Amino acid sequence: LTAEEQMNLQAMWKHLGKRLHQTPDTLRVIENNHPQNDKECLKEMIERWLKQPEADKDKLRYFVKILTEKPKLEELLSSVEDLEETEIRKLAKNLKLGDGSVHYNIKSTSTMLQQWLDHSKNPTWAEFTLAMDKVGFDIDIEEIEAITSMTTSEQKFRLESLQICREG
């Protein structure tokens, strides 16, 4: 992983812990052990998880792979289809695109997300998930997996259906 991918993953340690079935109490203990230190929290969370009998290193590698992949525009659009106009504006701000004054329709959301993909140094699902989290919209690894496993034609159909619903 690159240094930036590692930083994004460190910031996602709680999300990864949830996916690895760490209890909320365990995550709180880890956070209290290392306040304001995502790197150490990630390290301790993985160390604790590896001690469990059901720990599967392939599963961990798979989750890390998903979170560090670059998303496609169609996948991002599928992930934000339930957001309201104000949430889209907050997301644009959290993705550090101008002042966040995006007019909410499928085209401007698409443009905003494409700008992020084009101008971000290292756009990954982890970085996008963190921005979504700041908006108060939780997207988890299973959702990302479902979205990324759709074919392009399935994603386009889903987006076209969404656009028709919003226009109607």
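The following is a conversation between a student and a tutor about a predicted model.

Student: How are residues numbered here, and which residues of the predicted model count for local features?

Tutor: Residues are numbered from 1 along each chain as its sequence is written, and side-chain values use heavy atoms, with hydrogens and water left out. Because this is a predicted model, side-chain atom pairs count only at pLDDT 80 or more, totals for chains, interfaces and linings use all residues, and local features need pLDDT of at least 70.

Student: How many helices and strands are there in the protein?

Tutor: Helices (H or I, at least four residues) and strands (E, at least two) are DSSP runs, numbered from the N terminus. From the N terminus on, the elements run α-α-α-α-α-α-α-α-α-α-α, and the count is eleven helices and zero strands.

Student: Which elements have the lowest and the highest mean pLDDT?

Tutor: pLDDT is the predictor's confidence in each residue, from 0 to 100, and its mean over the protein is 75, with 76% of the residues reaching 70 or more. Over residues 162-168 pLDDT stays under 50. Among the elements, the lowest mean, 54, belongs to helix H11 (residues 152-167), and the highest, 93, belongs to H3.

Student: What share of the residues of the protein count as buried?

Tutor: A residue is buried when its relative accessible area is under 20%, exposed when it is over 50%, and partly exposed in between, using a 1.4 Å probe and protein chains only. Of the 168 residues of the protein, the share that counts as buried is 45%.

Student: Which helix supplies the largest share of the largest nonpolar core?

Tutor: A nonpolar core is a set of buried Ala, Val, Leu, Ile, Met, Phe, Trp, Tyr and Cys residues joined through side-chain atoms within 4.5 Å. The largest one has 40 residues, of which Leu-16, Met-45, Leu-91, Leu-113 and Phe-128 touch the most other members. Helices that each supply at least two residues of this core include H2 (13-19), H4 (38-50) and H8 (106-119). The largest share, seven residues, comes from H9.

Student: Why do the buried residues of H3 line one face of the helix, and which helices do they pack against?

Tutor: The buried residues of H3 are Thr-26, Leu-27 and Ile-30. Seen down the axis of H3, these residues fall within an arc of 100° (taken from the directions from the helix axis to the C-beta atoms), so they line one face of the helix. The face turned away from that buried side carries the exposed residues Pro-24, Asp-25 and Asn-32. Where contact means heavy atoms within 4.5 Å, the buried residues of H3 pack against H2 and H4.

Student: Is Glu-44 buried or exposed, and which residues does Glu-44 touch?

Tutor: Glu-44 is found in helix H4, and at 13% relative accessibility Glu-44 counts as buried. Not counting residues up to four places away in sequence, Glu-44 touches Ile-30, Asn-33 and His-34.

Student: Which parts does the salt bridge between Lys-14 and Glu-31 tie together?

Tutor: A salt bridge is a side-chain nitrogen of Lys or Arg within 4 Å of a carboxyl oxygen of Asp or Glu, and the structure holds five of them. In the bridge between Lys-14 and Glu-31, the closest N and O atoms are 3.0 Å apart. Lys-14 is partly exposed at 32%, and Glu-31 is partly exposed at 31%. Lys-14 lies in helix H2 and Glu-31 in helix H3, so the pair ties together parts that are 17 residues apart in sequence.

Student: Where do Arg-28 and Asp-25 lie?

Tutor: The side chains of Arg-28 and Asp-25 meet in a salt bridge of 2.3 Å, N to O, and Arg-28 counts as partly exposed at 46% relative accessibility. The two residues are three apart, about one turn of the helix, and both lie in helix H3.

Student: Which residue forms a salt bridge with Glu-75?

Tutor: Glu-75 is buried, with a relative accessible area of 3%. The closest N and O atoms of the bridge are 3.8 Å apart, and the partner of Glu-75 is Lys-72.

Student: Where is His-21, and what is the phi of His-21?

Tutor: His-21 has its place in the loop between H2 and H3, and His-21 is exposed, with a relative accessible area of 60%. Although His-21 is not a glycine, its phi is positive, at about 60°.
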